[in-house]
Amino acid sequence: MARFVAQTQDGQHPESALAAGLIIVAVNRMPAAEVEVSADLVRRLLADQHPDLARLPVEFLANGWDNELYRVGDGLIALLPRRALGARIIKNEQRWLPGLAPRLPLPISYPERTGVPAHGYPYSWSVVPYLPGVPAAQASFDAAGAAAAVGGFLGALHVPAPADAPANPVRGVPLAERAGSFAANLALLTGQVDRDAVLRVWDAALAAPGYDGPPVWLHGDLHPSNILVNDGQVSGVIDFGDITAGDPASDLAVAWMLLPLGCHDRFWSAYRAAGGAGDAGGAGGAGGRVDGGLRTRARGWALNLAIVFLAHSEDNPVLLEVGRRTLRAVLEDQRGTVGLGAGRSWY
């Protein structure tokens, strides 16, 4: 989650990292790198494997939890895994994203080129397009336009996936499988959230009809820090490291994470018009219906993610605020009122 967390080598956070769609936060617990990556290594890998790029300037951009990122000229970014988990993730992106990208209505950070281990570096690596914009979590944007753009994007993405699509134990699965972690995270927030109101939303989501369509392609980690905004409009989607297949509800949670409730009808209309999955009658195909079961499950996923962010983002103020906003939206939607608590100031 939030895999691209920018942290420059000298502790500063350059505007170029923001423009690459990275989350600019103070990170206290970033996993240690398992391999050494440098601009010189990137230059040598490019010279050997993509010699037409060898003359372009290479500049360190940011550390992520899983990758180091380097600007290559004006229009490209080299992603090199810095630990074994990142190496596994990047292989999924390399295999599946080039085929998905051409049919999606928004630009995505898909591998335009790939590289293999060399010069003592043990992992596969990628070169992706530089996508201008800043994360929606840190930007002002046209909410109605964002509702149409993101809804249409997900409607186009959510088509049946092949049987060998990447598995993911925490996304696209029945929401009940997250009940244990949800309870543990909620316990960490005792006294900080309206527990009764939270559990009403959660219980309704668990009681909703389950998904009975074919597993559809999912982004897997779609939240406002992985959606780019440029000049007030949604301009791209990044960080497909959790790409998987399953129930579309986990992706659709983004409606509560990103949008005011007044824009939700526009989001669902765009999703349906683009062929978004319906609960009955399968998924992926124009006219698929979006019913209350799907929406209720999606709201439950939004609640689950809000609780995750609130419980585990003490060192990440951007995602902490996403969690607060999402929880407010979920509870407001459930209650049909603006108030979130009687006499208490909850998140």
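**Pocket lining, helix 9 and selected residues in a predicted model**

Helix 11 is the main contributor to the lining of the second largest pocket, giving 4 residues. The structure described here is a predicted model. Helix 11 spans residues 317-335, and along with helix 8 (254-258) it is an element that supplies at least two residues of this lining. In total, 14 residues line the second largest pocket. Those nearest the centre of the pocket are M257, L258, L259, P260 and R325. By residue class, the lining consists of 11 nonpolar and 3 charged residues, with no polar ones. The volume of the second largest pocket is about 200 Å³.

The chain as a whole contains 11 helices and 12 strands. It has 347 residues, of which 59% count as buried. The exposed surface of the chain comes to about 13700 Å², and 51% of this is supplied by carbon and sulfur atoms. When contacts between residues at least 6 apart in sequence are considered, 71% of them join residues at least 24 apart.

Helix 9 covers residues 264-273, and its buried residues are H264, F267, W268, A270 and Y271. Viewed down the helix axis, these buried residues fall within an arc of 160°, and they therefore line one face of helix 9. D265 and A273 are exposed on the other side of the helix. The packing partners of the buried residues of helix 9 are helix 4 (143-157), helix 7 (249-252), helix 8 and helix 10 (292-312). Helix 8 thus appears both in the packing against helix 9 and in the lining of the second largest pocket. Just after helix 9, G275 adopts a positive phi of about 100°.

Helix 4, one of the packing partners of helix 9, contains A156. With a relative accessible area of 14%, A156 falls under the 20% limit and is therefore buried. Beyond its neighbours within four places in sequence, A156 is in contact with R103, L104, P105 and A274. For the pair A156 and R103, a sequence separation of 53 residues corresponds to a C-alpha to C-alpha distance of 7.3 Å.

The loop that follows helix 4 and leads to helix 5 (179-187) holds P174. P174 is partly exposed, its relative accessible area being 49%. The C-alpha atom of P174 is 8.8 Å from that of L206, and the two residues are 32 apart along the chain.

Two residues other than glycine were examined for their backbone angles. Most residues other than glycine have a negative phi. H119, which is not a glycine, has a positive phi of about 55°. The position of H119 is in the loop between strand 6 (113-115) and strand 7 (125-129). H119 has a relative accessibility of 39% and counts as partly exposed. D239 is likewise not a glycine, and its phi is positive at about 60°. The loop between strand 11 (233-237) and strand 12 (244-246) contains D239. In contrast to the partly exposed H119, D239 counts as buried, at 0% relative accessibility.

E93 is located in helix 3, which runs over residues 84-100. E93 has a relative accessibility of 8% and is classed as buried, the limit being 20%. Setting aside residues up to four places away in sequence, E93 touches P98, P111, F240 and G241. Of these partners, F240 and G241 belong to the stretch between strand 11 and strand 12, the loop in which D239 also lies.

F60 belongs to strand 3, made up of residues 58-63. At 15% relative accessibility, F60 is also within the buried class. The C-alpha atoms of F60 and R71 are 6.3 Å apart in space, while the residues are 11 apart in sequence.

Key: Residues are numbered from 1 along each chain as its sequence is written. This is a predicted model: local features need pLDDT of at least 70, side-chain atom pairs count only at pLDDT 80 or more; totals for chains, interfaces and linings use all residues. Side-chain values use heavy atoms; hydrogens and water are left out. On a 1 Å grid over the protein atoms alone, a cavity is a set of points where a 1.4 Å probe fits but cannot get out, and a pocket is an open set with protein on both sides within 12 Å along at least five of seven lines; lining residues have an atom within 4 Å of a point. Grid points are joined across faces, edges and corners, and a volume is the space filled by probe spheres set on the points. Ala, Val, Leu, Ile, Met, Phe, Trp, Tyr, Cys and Pro count as nonpolar, Asp, Glu, Lys and Arg as charged, and the others, Gly among them, as polar. Buried means under 20% relative accessible area, exposed over 50%, partly exposed in between (1.4 Å probe, protein chains only). The arc is that of the directions from the helix axis to the C-beta atoms. Contact means heavy atoms within 4.5 Å. Accessible areas come from the Shrake-Rupley method with a 1.4 Å probe; for residues, only the protein chains shown count as cover.
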